[in-house]
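Dear colleague,

Please find the structure below, handed over for your study. My findings come after it.

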Amino acid sequence: MTYDTVVIGGGPAGLSAATLLARARRRVVLVDAGHPRNAPADHVHGFLSRDGASPNELREAGRDEVIRYGGEILQGNVTRIDDSFAVHLESGSVLDSRSVLMSTGLRDELPDIPGVREHWGSGVLHCPYCHGYEVRDQPIAVIGGSNRPFTVHQASLIRQWSSDVIFFTNGIELTEDERIGLDARSVGIVDVPVSRLVAEDGVVEGVELVDGTAVPRAVVFVGPTFVPNDSLLTRIGCAQLENGWVATEPTGRTSVDGLWAAGNVSDSPAQLINSAAAGSRAAIDINHYLLALDVALAVRSR
């Protein structure tokens, strides 16, 4: 059997695309490795009609919709994609397809500070639009890291949700203008490096500095380095931008004919609802691409 489209990745982008293609009566299969980026979070926010749902609840609802319209879902890891769009799975199975959509997301490389990874998704957060309202008016820490522009901006931005924000620069050298801006926003600044997070019974209680000082905080925001899971795209020869991310058109088309990318694999700031929209947009473009192939085939057959 040859599929019209193989969708790789079962997040909002992939599920949205697979559902739309199935509703367009295309033969579509979604391959999901089962390691969602937002698994540590208890709830999702900013997703119209699903605000407050658990990430698993959102995924299961999407999977049910794919299956309801005749799409297939396979659990597994894709190891490579041939130039002919034969999709090879770790199990040894091979899926033949006319097109491929990559929606494999990204991974968050967190600051190497004891306690950050352990509390990621609960007491340690990164997106105030996703979780800021839930921690409003609490003592908040923002800890600097390798993603300098993100965390400096974050320190000022998070002030919208709390009047008690401290920016722990943790090695970031602030410019004079940056210090003036943060001071004007009434954001505290601590330049002593961070040694670890202080927690009790799984709850973050503060930030400990290398000099032994413990600063009480109820929530910590960090700026991860966002690394796209795009090795399948780069190995097949997709063009990349200067920053190393795979280049796509607004529809998600890559430089490889018949191959699309949608969601965080090509758009790091995209929230869940944006990724779902990107999947829908890519699916429509994929269907139009397949339609052109179908028309050409019908003409040749006459």
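The notes below concern one helix and then the nonpolar cores.

This is a predicted model, in which local features need pLDDT of at least 70, side-chain atom pairs count only at pLDDT 80 or more, and totals for chains, interfaces and linings use all residues. Residues are numbered from 1 along each chain as its sequence is written, and side-chain values use heavy atoms, with hydrogens and water left out.

Helices (H or I, at least four residues) and strands (E, at least two) are DSSP runs, numbered from the N terminus. Helix H2 covers residues 55-68; at 1.5 Å a residue, its 14 residues should span 20 Å (1.5 Å times one less than the number of residues), and its end C-alpha atoms are indeed 20 Å apart.

Pro55, Leu58, Arg59, Gly62 and Val66 of H2 are buried, meaning under 20% relative accessible area, with exposed over 50% and partly exposed in between (1.4 Å probe, protein chains only). These buried residues fall within an arc of 95° seen down the axis, so they line one face of H2; the arc is taken from the directions from the helix axis to the C-beta atoms. Ile67 and Arg68 are exposed on the face turned away from the buried side. Just after H2, Gly70 has a positive phi of about 95°.

The largest nonpolar core (buried Ala, Val, Leu, Ile, Met, Phe, Trp, Tyr and Cys residues joined through side-chain atoms within 4.5 Å) has 22 residues, of which Ile81, Val87 and Leu259 touch the most other members. A second, separate core of 20 residues includes Ala13 and Ala283.

Yours faithfully
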